[in-house]
Amino acid sequence: MTNFKTPFLAAALLGAAFTAPLAAAPLCEDLGFAGLLASCNRGDDIALTLAAGVPLGEDVTLESGAYYTLVITADGSAELAVTGAGFFRSIWMNEIVIDDIEIRPMAIDSIEFDEAGTAELSFVAIKPGTHSLRIPGSTGETQQMKITIK
């Protein structure tokens, strides 16, 4: 007689693993009506500088489920862009604010500055992994910024 309990138990546990919801780790316990956008769930702003010959910024680690603002500042010294499709696909973008104009995009691949200015991207970090924001076509280590979502 064959013991069928072990394969059925393994199948049941495997099925439960794929149907159970994954839980994000917000920064606070009581999110309230605002949910993940609550002020207690906001991480520190992330600064990124677009300027000729200047490093983009410090590498950062984010918590999945927490709300952040990426502040991109261009000094106008050169026409520069920042790209990071892998990162932008690992977040839920709330809005991009440029000169008090709010844009609510479905997705972006890059942002380019022809002149000096600032863009603020507010988002919730979702998918864990390490991603790069970089100046397109650049090869230098200082021309990229690593963002890790845990």
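Leaving out residues up to four places away in sequence, which residues does I135 touch? Let me start there. This is a predicted model, by the way, so keep that in mind as I go. I135 touches L50, L56, L80, A81 and Q143. It's found in the loop between β9 and β10, and it counts as buried because its relative accessible area is 8%, with the cut-off for buried at under 20%. One distance to go with that: I135 and S110 are 25 residues apart in sequence, and their C-alphas sit 9.4 Å apart in space.

Okay, let me back up and give you the overall layout. We've got two helices and ten strands. Reading along the sequence, the pattern goes α-β-β-β-β-α-β-β-β-β-β-β. There are 150 residues in the protein, and 35% of them count as buried. On contacts: take the ones between residues at least 6 apart in sequence, and 70% of those join residues at least 24 apart. For the surface, the protein exposes about 9,300 Å², and carbon and sulfur atoms supply 57% of that.

Now, the inside. In soluble globular proteins, nonpolar side chains tend to be buried together. Here, the largest nonpolar core has 29 residues, and the members that touch the most other members are L48, L50, L62, I72, F87, L121 and F123. Who contributes to this core? The elements that each supply at least two residues are β1 (46-50), β3 (67-74), β4 (80-83), α2 (85-88), β5 (91-98), β7 (110-113), β8 (117-125) and β10 (144-149).

L50 is a good one to click on. Setting aside its neighbours within four places in sequence, L50 is in contact with L56, I72, T73, A74, D75, L80, A81, V82, F113 and I135. So there's our opening residue again, I135, seen from the L50 side.

While we're on buried residues, have a look at H131. Buried or exposed, what would you call H131? Buried, since its relative accessible area is 13% and the line is drawn at under 20%. H131 lies in strand β9, residues 129-134. Its side chain makes a polar contact of 3.3 Å with the side chain of S90. Beyond four places in sequence, H131 is in contact with G86, F87, S90, M145, K146, I147 and I149. F87 in that list is one of the core residues I just named.

Next up, charges. How many salt bridges does the count come to? Three. One of them is R89 with D109, where the closest N and O atoms are 2.8 Å apart. That pair links distant parts of the chain: R89 is in the loop between α2 and β5, D109 is in the loop between β6 and β7, and they're 20 residues apart. R89 is exposed, with a relative accessible area of 55%, while D109 is partly exposed at 39%.

R104 is busier. It meets E95 in a salt bridge of 2.8 Å, N to O, and it also forms one with E102, where the closest N and O atoms are 3.2 Å apart. Put together, E95, E102 and R104 are linked in a network of salt bridges. The environments are worth a look: R104 is exposed, with a relative accessible area of 54%, and E102 is exposed as well, whereas E95 counts as buried at 14%.

Last stop is the loop between β5 and β6. Both D99 and D100 sit there. Most residues other than glycine have a negative phi. In D99, though, phi is positive, near 50°, and in D100 phi is also positive, near 65°. D99 counts as exposed at 67% relative accessibility, and D100 counts as exposed at 76%.

And still in that stretch of sequence, there's a nonpolar patch on the surface. I98, I101 and I103 form it, with about 240 Å² of accessible area together. I103 lies in strand β6, residues 101-103. Why does I103 count as partly exposed? Because its relative accessibility is 38%, and partly exposed runs between the buried limit of 20% and the exposed limit of 50%.

That's my tour, happy to go back to any of it.

How values were computed:
Residues are numbered from 1 along each chain as its sequence is written. This is a predicted model: local features need pLDDT of at least 70, side-chain atom pairs count only at pLDDT 80 or more; totals for chains, interfaces and linings use all residues. Side-chain values use heavy atoms; hydrogens and water are left out. Patches are made of residues with over 30% relative accessible area and no salt bridge: like charges are joined within 9 Å, nonpolar side chains (Val, Leu, Ile, Met, Phe, Trp, Tyr) within 5 Å. Accessible areas come from the Shrake-Rupley method with a 1.4 Å probe; for residues, only the protein chains shown count as cover. A salt bridge is a side-chain nitrogen of Lys or Arg within 4 Å of a carboxyl oxygen of Asp or Glu. Helices (H or I, at least four residues) and strands (E, at least two) are DSSP runs, numbered from the N terminus. Buried means under 20% relative accessible area, exposed over 50%, partly exposed in between (1.4 Å probe, protein chains only). A nonpolar core is a set of buried Ala, Val, Leu, Ile, Met, Phe, Trp, Tyr and Cys residues joined through side-chain atoms within 4.5 Å. Contact means heavy atoms within 4.5 Å. A polar contact is a pair of N or O atoms within 3.5 Å; within protein, one must be able to donate a hydrogen and the other to accept it, and residues adjacent in sequence count only if both atoms are side-chain atoms.
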